[in-house]
Amino acid sequence: VKVVIVGCGRVGAVLAEAFDSGGHDVVVLDLSTSAFDRLHASFAGHAVRGDGTDEDTLRRAGAEDAELFLALTEGDNRNIMAAQLALESLGAGRVIAKINDPVRAAAYASLGIATLCRTVLMSDAVLDFVGERVSGMPGIIAPSGTHHGGHAEPLVATASPAGAAPEEA
Amino acid sequence: MFVLVIGGGKVGYYLTKELIESGHEVVLMEKDRQRAEQIADEIGSIVIAHDGCEGKYLGEAGCARADIVAAVTGDDEDNLVICQMAKHHFDVRRTIARVNNPKNETLFKHLGVDEIISPTRMILGSIEQDIPVHELLHLAALGEGELELIEAHLQAGSPAVGRAPRDLDIPDGCSLFAIIRDGVALPLRPDTVMREGDKVIAIGKTECEALLHGQLIGDAETADAR
């Protein structure tokens, strides 16, 4: 399986190594090359310096045929934008974005992105540990819809055919 | 009309002032507390010192009853998310986003932002108006950006002068459809003979541009020799 990870922080680096040692084809992106210091020397995937919210960069990183795309930078909105580029413009398979704002996490799950919310994960872990009632929200919310309520089909489908005649425009 | 403006930089600040002057109800959200206080000192208590990307604060700012949300921060990803949250989570009818990187325009439109204002594109367009006449002029991007509306100003020495479209080798996927002659727009038929000074309007795929250039303006060598 081809996996593209945007953001080589602690979580990104751990997952990059885990997928790599699981035999998957991993590309990890970060804006700063020093982030790649987190990767163990045995990491056999690709580490690419670049902006995960830039479509060309994502394409170069192979997001078009990624079966799994993870957006794990420190910025909720950067993750959202990277995830939507991967899903809508590049046609990546499964897309997961880290969104620490619970409201945004819920909203984007209904727009087609699986969302991972650290706020919910951690607060529930603490509440559970001390025996208080947890929120009951899942740590990863599965996508439950698409953002286009019936209007356009994904960008990737409209942009691909080679012979779009001007009359059709 | 109730307008929610997100981002208290120069654009958001002047936009808010203008809207108030024309009698609209406005709330401005600016996450930098110092900047927010500075603006509030001047224009009053309509400034909320919170991050407009955060769902909770958008709700508190009255996003659900906003007629228009204008996201004018300096960060494209923030503007995108603000508009999407407004649209999908708060059912705002009209969303406007400032886009700094012109490459993001297509994505924003596709993802449901109603209106996109790209200062970079506008300045670029203005500069391109001044580009030497032997260039093709880009008037607009069409469709999802794979088609372009192009204007070619025919000069003496252009291979198209004295010929009609059917005599030219027009690349597949391109259409020459009008000329502007003496300030009047005329349909360009296969047998319309083009003259020096005509402006030919064409629609074509982006990658056909070089071929169109060769047919309407001439090759780079001939243009340079002129």
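Two strands count as paired here if DSSP finds at least two bridges between them. With that in hand, the predicted model can be walked through strand by strand, beginning with chain B. In strand E5 of this chain, B:Thr95 is the residue that stands opposite B:Val69.

Chain B is built from 8 helices and 11 strands. Of its 226 residues, 46% count as buried. The accessible surface of the chain comes to about 11300 Å², and carbon and sulfur atoms account for 50% of that. Looking at contacts in chain B between residues at least 6 apart in sequence, 56% join residues at least 24 apart.

The strands of chain B can be taken sheet by sheet. One is an open sheet of 6 strands with parallel pairing, in the order E3-E2-E1-E4-E5-E6. Strand E3 (47-48) and E6 of chain B sit at its edges with a single partner strand each, so one side of each has no neighbour in the sheet. Helix H4 of chain B packs on this sheet, where it touches strand E1 (2-6), E4 and E5 of chain B, and its direction makes about 175° with that of E5(B).

Further detail comes from the pairings themselves. Strand E4 (residues 68-71) and strand E5 (residues 94-98) of chain B run parallel and are joined by 4 bridges. To get from E4(B) to E5(B), the chain passes through H4(B), and this β-α-β crossover is right-handed. B:Ala70 has B:Ile96 in E5(B) as its bridge partner. On to the next pair: E5(B) runs parallel to strand E6 (residues 115-117) of chain B, with 3 bridges between them. Here the chain crosses from E5(B) to E6(B) by way of helix H5 (residues 105-110) of chain B, in a β-α-β crossover that is right-handed. B:Arg98 finds its bridge partner in E6(B) at B:Ile117.

B:Arg98 also turns up in the surroundings of B:Asn79, a residue of helix H4 of chain B. B:Asn79 counts as buried because its relative accessibility is 0%, against a cut-off of under 20%. What does the side chain of B:Asn79 make a polar contact with? One partner is the side chain of B:Thr73, at 2.8 Å. In addition, a polar atom of the B:Asn79 side chain lies 2.8 Å from the backbone oxygen of B:Arg98. Leaving aside residues up to four places away in sequence, B:Asn79 touches B:Ala71, B:Val72, B:Thr73, B:Ala97 and B:Arg98.

Another open sheet of chain B has 5 strands, this time with antiparallel pairing, and its order is E7-E8-E11-E9-E10. Strand E7 (137-142) and E10 of chain B are the edge strands, each pairing on one side only. On average, neighbouring strands of this sheet are turned by 25° against each other, direction ignored.

Within this sheet, strand E8 (residues 147-153) of chain B is joined to E11(B) by 7 bridges, and the two run antiparallel. The bridge partner of B:Ala152 in E11(B) is B:Val200. Strand E11 (residues 199-205) of chain B also runs antiparallel to strand E9 (residues 175-181) of chain B, over 5 bridges. There, B:Ser175 is partnered by B:Ile203 of E11(B). E9(B) pairs as well with strand E10 (residues 184-187) of chain B, in the antiparallel sense and over 4 bridges, and B:Ile179 has B:Leu186 in E10(B) as its bridge partner. The hairpin of E9(B) and E10(B) has 2 residues between the strands, and B:Asp182 takes a positive phi near 50° in it. Helix H7 (residues 209-216) of chain B lies across E7, E8, E9 and E11 of chain B, running at about 20° to E8(B).

Over in chain A, helix H4 (residues 102-109) is worth a look too. Its buried residues include A:Arg104, A:Ala105, A:Ala107, A:Tyr108 and A:Ala109. Where does the cover for the buried residues of H4(A) come from? Among the elements of chain A that provide it are helix H3 (76-89), strand E6 (114-116) and strand E7 (140-141), while chain B adds its helix H4 (76-89). At the N-terminal end of H4(A), A:Asp101 acts as a cap, with a side-chain oxygen 3.2 Å from the backbone nitrogen of A:Val103.

Note on methods: Residues numbered from 1 in each chain as written. Chains lettered and ligands numbered in written order. Predicted model: local features only at pLDDT ≥ 70, side-chain atom pairs only at ≥ 80, totals over all residues. Heavy atoms only, no water. Buried < 20%, exposed > 50% of the residue type's maximum accessible area, 1.4 Å probe, protein only. Contact = heavy atoms within 4.5 Å. Areas by Shrake-Rupley, 256 points an atom, 1.4 Å probe, with all protein chains shown as cover. Polar contact = N/O pair within 3.5 Å; in protein donor to acceptor, adjacent residues only side chain to side chain. Right-handed = clockwise from strand over helix to strand, strands pointing away. Axes fitted to C-alpha atoms, helices over the stretch in contact; angles between N-to-C directions.
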